[in-house]
Every structure is written in structure tokens, then in C-alpha cells.
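User: Can you walk me through this one? I'd like the fold first, then any internal space.

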Amino acid sequence: LGSAAAFAPSTSLVNKNVALRMSDEAVEAVEEAAPVAPAAPVSTCMSREAILAEPDCLEIGQMWDPLGLAAAGSDETIAWFRHAEVKHGRVAMAAFVGWWAVGAGVHFPGDLASGVEFGSLPTKGLEAWDAVPGWGKAQMLLFAGLIEFHDELFHSRRGTHYLRGGVPGKNMVPGLYDPMGLSKSRSEEALAKGRSREIKNGRLAMIGVAGMYFATTIPGSVPFQPAC
């Protein structure tokens with residue numbers, strides 16, 4: 001028995017050979033496995049459908065988009081379009097009210113600049129703008145630029161950016177809109193209805209300002225609209 005045991009293979013050598021064969025098979029399996037593609041980034045932006053659902057189109061029965069811009073780009077593109085539309089609508093509403101106030105002879109008291117009283121401004125919109133000193137125009141443009149810069153800054157730092165799931169068109173500059181915080185107690189349904197009204201009013205104001213501008217610069221281009 002002792003001499004027979006001397007010719008038997010060692011148990012440790014057998015285990016090593018089995019381990020080597022298993023490791024070789026594992027390496028071959030890893031090499032043959034197909035590479036795993038990296039996961040695509042998940043977008044958290046509001047969907048195109050959710051953005052275009054507001055406002056309703058009861059006035060004309062369908063969404064007016066002759067150039068097909070609503071089908072261009074990604075969800076982020078549509079969110080950027082809506083954010084820009086709301087901002088332009090707000091500027092147009094302010095411009096329309098200002099143009100009307102000047103035409104109606106409404107002026108602030110005091111001086112616009114040294115030697116220039118508000119009451120001395122012409123009652124026509126473009127003429128009143130031309131009468132504003134250059135530094136006054138620069139201050140207004142600078143103020144608008146600061147609003148734009150801080151809106152983007154606060155969207156990223158104090159809330160959810162409109163390209164990352166936030167609401168396009170939401171104002172993030174403190175004190176610029178609703179300084180009394182009256183909208184905080186409103187329901188989501190009421191806020192959505194208010195956003196729809198704002199978009200519609202903004203669109204109408206953009207048409208109104210464009211109409212007054214062309215009526216002033218091109219006489220007779222706008223029916224029933226005198227130069228103003």
C-alpha cells in the first residue's frame with residue numbers, strides 16, 4: 001500500500017490544475033462577452049407634450065405653428081422656446097402699456113435727466129424714446145441685461161432650471177414679480193391657469209406693439225391705426 005500511494009497523484013497538484021483550467025475558462029468568457037454600452041443620460045426636462053399643452057387653443061381651434069417650430073429639436077429646445085416666448089411677452093406687455101401711457105399724456109413727475117423733464121417728452125412712442133438721453137437708454141438696457149443674467153443664475157442656484165425639470169417662464173428674480181407673495185397660496189390649477197392667461201396676453205401684446213411700430217414707421221400699413 002505504501003508503494004502504491006507513492007505513485008498516486010498529489011491532491012494539491014490536482015486542485016491547482018483544476019483552478020488553472022477554471023481561471024482560463026473565466027478569462028475566455030470575459031473576453032468573449034460583448035462590451036456593455038454606457039447608459040444614456042436621463043433627461044429631466046418637461047416633455048414637449050406637457051409644455052405645448054398650455055395654453056389651450058380655443059380661439060383658433062388648433063396650435064398656430066406654420067413654420068413647424070414645435071417639431072424642431074428636443075424637449076430642451078421646446079422648453080427654451082417657451083421660456084423665451086414668456087419673456088418676450090412680458091416685455092411686450094410693459095412696452096404696450098408704456099406706449100399707451102405716453103400717448104395719453106401720462107408722465108412721471110420730476111426730471112428724467114438733468115434739464116429734461118418727464119412732462120417734456122413727446123406723446124408719440126418712438127419720438128419719446130428718441131428724446132431720452134443716451135445714458136438713459138444705456139441704463140435701461142443694462143437693467144434688462146442684469147434681470148436676464150440673474151434670472152438664469154437664480155434658476156440654477158435657487159430652484160430647478162427650466163431645462164432640468166423646472167417650469168419654463170417662471171421668474172426667479174426676487175421682487176421683480178409678485179413682491180407681496182400673493183401667488184404662494186394659489187393652487188397648482190390656479191397657477192397653471194394664470195400661466196396660460198399670461199402667455200395669451202403676451203402674444204397679443206407682441207402683436208399690438210408690432211402694429212403700433214409699423215403704423216408709426218410705415219404710414220397706412222396698419223388699417224384703422226393712426227400713427228401713435
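**Fold and internal space**

Analyst: This is a predicted model. The protein is built from seven helices and two strands.

User: What pattern does the protein follow along the sequence?

Analyst: The order is α-α-α-α-β-β-α-α-α, with the two strands placed after four helices and before three.

User: How much of the protein counts as buried?

Analyst: Of its 228 residues, 19% are buried, where buried means under 20% relative accessible area.

User: And what about the exposed area, how much does the protein have and what share do carbon and sulfur atoms supply?

Analyst: About 16,500 Å² is exposed, and carbon and sulfur atoms account for 65% of that.

User: Switching to contacts. Of those between residues at least 6 apart in sequence, what share join residues at least 24 apart?

Analyst: That share is 58%.

User: Now cavities. How many are there of 30 Å³ or more?

Analyst: The count is one cavity at that cut-off. The space in the largest cavity is about 50 Å³.

User: Which helices each supply at least two residues of its lining?

Analyst: Those are α4, spanning 75–103, and α7, spanning 188–217.

User: Which residues line the largest cavity?

Analyst: The lining consists of Glu85, Val86, Gly89, Arg90, Met93, Glu198, Ile199, Gly202, Arg203 and Met206.

User: How do the lining residues divide into nonpolar, polar and charged?

Analyst: Four are nonpolar, two are polar and four are charged. Glycine is counted as polar here, and the lining includes Gly89 and Gly202.

How values were computed. Residues numbered from 1 in each chain as written. Predicted model: local features only at pLDDT ≥ 70, side-chain atom pairs only at ≥ 80, totals over all residues. Heavy atoms only, no water. Buried < 20%, exposed > 50% of the residue type's maximum accessible area, 1.4 Å probe, protein only. Contact = heavy atoms within 4.5 Å. Areas by Shrake-Rupley, 256 points an atom, 1.4 Å probe, with all protein chains shown as cover. 1 Å grid on protein atoms, 1.4 Å probe; cavity = no way out; pocket = protein on both sides within 12 Å on 5 of 7 lines; lining within 4 Å. Points joined across faces, edges and corners; volume = space filled by probe spheres on them.
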